[in-house]
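Hi everyone, thanks for coming. I'd like to walk you through the cavities and ligands of one model today. Let's have it up on the screen.

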Amino acid sequence: MLDLTINKVHDEARQGEAFAPFADDPNQYKKRFYIESYGCQMNFSDSEIVASILNESGFGATRNYEEADLVLLNTCSIREKAEQTVRKRLTDFRKIKEGRPGMLIGVLGCMAERLKAKLLEEEKLVDMVVGPDAYRTLPGLIEEAETGQKAVNVLLSREETYADISPIRLDSNGVTAFVSIMRGCNNMCSFCVVPFTRGRERSRDAESIVKECRDLYNNGYKEVTLLGQNVDSYYYVNEEKDEIVNFANLLEKVALISPDLRVRFSTSHPKDITDEVLHTMARHENICKYIHLPVQSGNSRILQLMNRTYTREWYMAKVDRIREILPGCGISSDIIAGFCTETEEEHQDTLGIMEYSKYDMSYMFFYSERPGTLAARRYTDDIPEEVKKRRLQEIVDLQGRLSKESNEKDLGKTFKVLIEGNSKRSDNDWMGRNSQNKVIVFPKENYNLKKGDYVWVTVNDCTQATLIGKIQKLEA
Ligand code: SAH
Ligand code: SF4
Ligand code: F3S
């Protein structure tokens with residue numbers, strides 16, 4: 001498998017078997033739903049909104065799809081492989097449905113939006129197709145589907161932000177949570193299907209965001225990640241208060257909830273992240289010093305074909321600016337190998353900009369043509385698959401070295417770490433992250449710590465993906 005990603009956030013292979021933790025009597029609900037999420041964090045966050053809407057209309061959650069009355073797949077269209085994964089998964093449900101004809105199957109999210117009613121023709125077992133802006137209509141659509149009709153709602157909205165819905169946290173560690181702050185994207189990068197599946201950009205009411213973050217903090221959460229396809233273009237006009245809230249203002253409002261609440265955000269488009277945002281990050285210790293700044297390509301001609309609106313030099317200057325205002329800030333990237341007409345030299349430019357930016361981590365993909373996008377209409381997908389894969393492998397190998405070097409630089413340093421839970425390998429070790437978003441594993445020793453606590457950890461070893469340390473001192 002070459003479509004490698006070092007971390008998994010944008011990885012369509014990440015399957016979220018989500019389970020709403022309703023601790024109540026299992027017989028309390030007449031019907032049960034099962035939901036699985038694919039794709040980006042926005043989809044995982046949307047599934048929590050869906051869980052809330054279904055719960056309001058009397059559905060309980062189950063981890064076991066075999067006993068579900070309603071099976072939902074929240075899908076991703078970003079690359080062809082993401083769609084294939086979902087189609088394969090649907091075949092698993094076919095067998096179950098043969099034995100339980102009353103069971104309903106719904107496809108939600110980006111594939112629903114991209115394929116619309118066509119999906120019902122292609123996948124006969126599907127009963128409902130529901131786009132990302134239509135989740136409020138789910139209860140009605142379920143009723144319709146229960147009568148044996150196929151139910152479809154793929155209307156996109158210019159306003160929907162689900163601002164008033166309190167998400168039900170699925171599979172939560174009780175420490176970190178995603179909070180969506182905007183929906184849609186207006187950027188029209190030529191390779192990207194998101195503007196078609198998610199619609200126009202709109203920002204969520206700032207007060208509802210702050211309230212959701214405060215509620216999370218009051219419920220013991222210690223970290224929120226503000227989510228959007230392009231968070232830096234957040235812009236909300238509060239007419240009642242005659243107040244304009246941009247992304248820097250919003251970050252500050254959330255950071256002020258408590259110095260004990262960490263704030264992260266994703267994703268920043270390099271063209272939109274401003275000095276004001278960087279200075280706001282510098283002012284607040286609890287805004288994490290980590291920026292995901294997808295470059296996509298290191299060559300200006302390819303960047304122009306991609307419609308990214310910046311050049312190689314402009315991007316490099318942005319990296320310099322981040323390092324100047326926020327020394328020690330972590331930077332990660334998304335990279336696409338083998339975009340239409342990319343030459344060997346242009347590919348070398350991508351490797352060069354990776355070296356220059358010294359990414360701590362990257363999500364790396366080879367180009368996958370998406371029907372209907374600008375690139376699909378205008379350019380030929382002319383790089384042979386072996387060449388794409390070879391270039392991707394060079395990118396992956398280089399990132400491996402950069403990640404290792406970045407981790408080696410941290411040897412001997414002491415970081416404030418938020419404990420997220422036991423390490424995967426051993427219950428005797430904690431796992432947490434530092435401000436730069438690096439994972440640190442360290443022995444619990446005899447300290448009386450618990451997840452959600454902060455602790456100072458000195459790094460004494462590392463792998464390419466993880467820092468390994470020892471508790472230095474407790475948080476004062
Ligand atoms: N809004 C985010 C990205 C969302 S999609 C941003 O602009 O940064 C996540 C990543 O998937 C993109 O950054 C890009 O690297 C990759 N991607 C998007 N479309 C793709 C395609 N057609 N083929 C391969 N990778 C793609
Ligand atoms: Fe896609 Fe570009 Fe929008 Fe990101 S900014 S979602 S890559 S169109
Ligand atoms: Fe995929 Fe849609 Fe997210 S296409 S990456 S789930 S916005």
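Let me start with the residue classes: Ala, Val, Leu, Ile, Met, Phe, Trp, Tyr, Cys and Pro count as nonpolar, Asp, Glu, Lys and Arg as charged, and the others, Gly among them, as polar. With that in hand, the lining of the second largest pocket divides into three nonpolar, four polar and nine charged residues.

Some housekeeping. This is a predicted model, where local features need pLDDT of at least 70 and side-chain atom pairs count only at pLDDT 80 or more, while totals for chains, interfaces and linings use all residues. Residues are numbered from 1 along each chain as its sequence is written, chains are lettered from A and ligands numbered from 1 in the order in which they are written, and side-chain values use heavy atoms, with hydrogens and water left out.

Now, what do I mean by pocket and cavity? Both come from a 1 Å grid over the protein atoms alone: a cavity is a set of points where a 1.4 Å probe fits but cannot get out, and a pocket is an open set with protein on both sides within 12 Å along at least five of seven lines. Lining residues have an atom within 4 Å of a point. Points are joined across faces, edges and corners, and a volume is the space filled by probe spheres set on them.

Back to that second largest pocket: its volume is about 390 Å³. It is lined by 16 residues, and Asp 360, Ser 406, Lys 409, Asp 410 and Lys 438 are the closest to its centre. Helix H14 (residues 385-409) provides the largest share of this lining, four residues; helices here are DSSP runs of H or I with at least four residues, strands are E runs of at least two, and both are numbered from the N terminus.

How many cavities of 30 Å³ or more does the whole structure hold? The search finds four. The largest has a volume of about 640 Å³. Its lining counts 35 residues, with Ile 78, Phe 191, Cys 192, Val 194 and Gln 229 nearest the centre. Helix H6 (194-198) is among the elements supplying at least two of them, and H6 gives the most, four residues. By class, this lining has 17 nonpolar, 13 polar and five charged residues.

Who lives in there? Ligand 3 sits in the largest cavity, meaning that more than half of its atoms lie within 2 Å of the grid points. The residues around ligand 3, those with a heavy atom within 4 Å, include Cys 40, Cys 76, Ile 78 and Gln 229. Ligand 2 takes up space in the largest cavity too, and its surroundings include Cys 185, Cys 189, Gln 229 and Arg 308. Seven residues of the ligand 2 shell are nonpolar, three polar and one charged.

Ligand 1 has 15 residues around it, and Gln 229 is one of the closest. An oxygen atom of ligand 1 lies 2.7 Å from a polar side-chain atom of Gln 296, and a nitrogen atom of ligand 1 is 3.0 Å from a polar backbone atom of Phe 191.

One last residue, Arg 169, lies in the loop between strands E7 (151-153) and E8 (176-180). Is Arg 169 buried or exposed? Its relative accessible area is 12%, so Arg 169 is buried; the cut-offs are under 20% for buried, over 50% for exposed and partly exposed in between, with a 1.4 Å probe and protein chains only.

Key:
Polar contact = N/O pair within 3.5 Å; in protein donor to acceptor, adjacent residues only side chain to side chain.
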